[in-house]
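Let's take a walk through this fold, starting in the packed interior and working outward. Keep the structure open beside the text and turn it as we go.

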Amino acid sequence: MPPTRLHWLQHVPFEGLGFIAPWAHGRGFALSCTRLYADETLPTPDAFDWLVVMGGPMGVYEADQYPHLTAEIALIEAAIAAGRRVLGVCLGAQLIAAALGARVFASGWREIGWFPVEAVADSGSPFAADLPAPQTLFHWHGDTFDLPVGARHIARSAHFEQQAFSYGERVLAVQCHPEMDPPGVAALADTFGARLKPSASVQSADAMRAEQAHFEPARRLLHAWLDRLAAA
């Protein structure tokens with residue numbers, strides 16, 4: 001039996017798969033990647049079983065500067081229609097929302113660092129059951145989106161109402177970053193930390209690096225969500 005094919009989209013070199021990679025390798029998945037920052041060509045849905053769309057500093061509404069965003073939305077639409085499993089993280093979640101017809105927009109504030117996320121009561125999504133109590137997860141976003149028609153709202157934070165949603169059983173969009181491992185957080189802190197102005201919703205680079213205790217619970221939550229997607 002051939003291995004399950006997971007294809008992921010990378011928008012910037014310093015945002016990788018994080019904790020998604022060991023989960024996929026442990027299941028014997030075959031991984032491939034499109035590096036959009038290097039102008040690589042997107043695949044078609046017959047080339048993969050899973051599509052994972054990662055984060056990036058650009059906005060969905062900036063397709064004039066990043067033309068690949070329009071092609072990504074079309075690919076996500078086609079992947080969902082073909083019944084592929086689709087996971088989006090941060091920008092990836094926003095692109096899924098756009099592919100499902102929802103508005104994506106700048107919120108006017110930012111959530112950066114480690115902040116609690118809680119499940120939405122009576123969301124109707126089985127993914128909410130994996131988040132029985134508020135959990136501190138990593139964040140790095142300023143944009144948000146409306147909940148797409150037909151989607152189930154999974155999680156929110158004090159700063160952003162939309163933190164995760166599912167669409168059917170095979171599509172999961174996560175605005176926060178449960179996949180972030182220590183090197184991933186360090187890469188973001190090193191790249192952008194000097195520009196941060198700490199506030200109630202923005203941590204300093206030193207503060208986010210110091211909160212090592214949150215990585216393992218975040219990894220467990222992410223892997224529970226991935227297991228649920230795999231079982232669908």
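Start at Leu-87. Once you set aside the neighbours within four places in sequence, this leucine is in contact with Ile-20, Leu-51, Val-52, Val-53, Ile-96, Leu-172, Val-174, Leu-226 and Leu-229. This is a predicted model, by the way, so read every contact here as a feature of the prediction. Leu-87 shares a distinction with Met-208: of the 47 residues in the largest nonpolar core, these two touch the most other members. The element that gives the most to this core is helix 6, with 7 residues. Apart from it there's another core, made of 29 residues, and among them are Val-53, Ile-73, Leu-100 and Val-104. As a general matter, nonpolar side chains in soluble globular proteins tend to be buried together.

Now swing over to helix 4, which runs through residues 182–192 and has Gly-184, Val-185, Leu-188, Ala-189 and Phe-192 as its buried residues. Look down the helix axis and those buried residues fall within an arc of 130°, so they line one face of the helix. What sits over them? The cover for the buried residues of helix 4 includes strand 5 (104–119), strand 6 (135–145), helix 5 (205–210) and helix 6 (215–231). Flip to the other side of helix 4 and you'll find Pro-183 and Asp-190 exposed.

The N-terminal end of helix 4 has a cap, and Asp-181 supplies it: one of its side-chain oxygens lies 2.9 Å from the backbone nitrogen of Gly-184. Pro-183 belongs to helix 4, and its relative accessible area is 57%, which is over the 50% cut-off, so Pro-183 counts as exposed. Along the chain Pro-183 and Gly-18 are 165 residues apart, yet their C-alpha atoms are separated by 8.2 Å.

Val-185, also found in helix 4, is a nice contrast: at 1% relative accessibility it counts as buried. Beyond the residues up to four places away in sequence, Val-185 touches Trp-114, Phe-138, Met-180, Met-208 and Phe-215. You've met Met-208 already, as one of the two residues that touch the most other members of the largest nonpolar core. For a sense of scale, pick Gly-168, 17 residues from Val-185 along the chain: the two C-alpha atoms are separated by 31 Å.

Next, follow the cover of helix 4 into strand 6, where Leu-137 has its place. Is Leu-137 buried or exposed? With 0% relative accessibility, Leu-137 counts as buried. Not counting residues up to four places away in sequence, Leu-137 touches Gly-113, Trp-114, Phe-115, Val-117, Cys-176, Pro-178, Ala-218 and Leu-221. Measure across to Glu-77, 60 residues from Leu-137 in sequence, and the C-alpha to C-alpha distance is 28 Å.

His-139 is in strand 6 too, and it is buried, with a relative accessible area of 0%. So what does this histidine's side chain reach? The side chain of His-139 reaches the backbone oxygen of Phe-115 at 3.1 Å, and a polar atom of that side chain also lies 3.3 Å from the backbone oxygen of Leu-137. Leaving out residues up to four places away in sequence, His-139 touches Glu-111, Ile-112, Gly-113, Phe-115, Val-117, Gln-163, Cys-176 and His-177.

On to the empty space. The largest pocket holds about 450 Å³. Its lining is made of 23 residues, and the ones that lie nearest its centre are Gly-56, Pro-57, Trp-140, His-141 and Gly-142. Helix 3 (91–99), strand 5, strand 6 and helix 4 are the elements that give two or more residues to this lining.

Finish out in the loops, with a look at backbone angles. Most residues other than glycine have a negative phi. Asp-39 isn't a glycine, but its phi is positive, about 65°. You'll find Asp-39 in the loop between strand 2 (30–35) and strand 3 (50–53), where it counts as exposed at 69% relative accessibility. Asp-122 is another non-glycine with a positive phi, of about 55°. Asp-122 lies in the loop between strand 5 and strand 6, and it is exposed, with a relative accessible area of 80%.

Key. Residues numbered from 1 in each chain as written. Predicted model: local features only at pLDDT ≥ 70, side-chain atom pairs only at ≥ 80, totals over all residues. Heavy atoms only, no water. Buried < 20%, exposed > 50% of the residue type's maximum accessible area, 1.4 Å probe, protein only. Helix = DSSP H or I, 4+ residues; strand = E, 2+ residues; numbered from the N terminus. Arc of directions from axis to C-beta. Contact = heavy atoms within 4.5 Å. Polar contact = N/O pair within 3.5 Å; in protein donor to acceptor, adjacent residues only side chain to side chain. Core = buried A, V, L, I, M, F, W, Y, C linked by side-chain atoms within 4.5 Å. 1 Å grid on protein atoms, 1.4 Å probe; cavity = no way out; pocket = protein on both sides within 12 Å on 5 of 7 lines; lining within 4 Å. Points joined across faces, edges and corners; volume = space filled by probe spheres on them.
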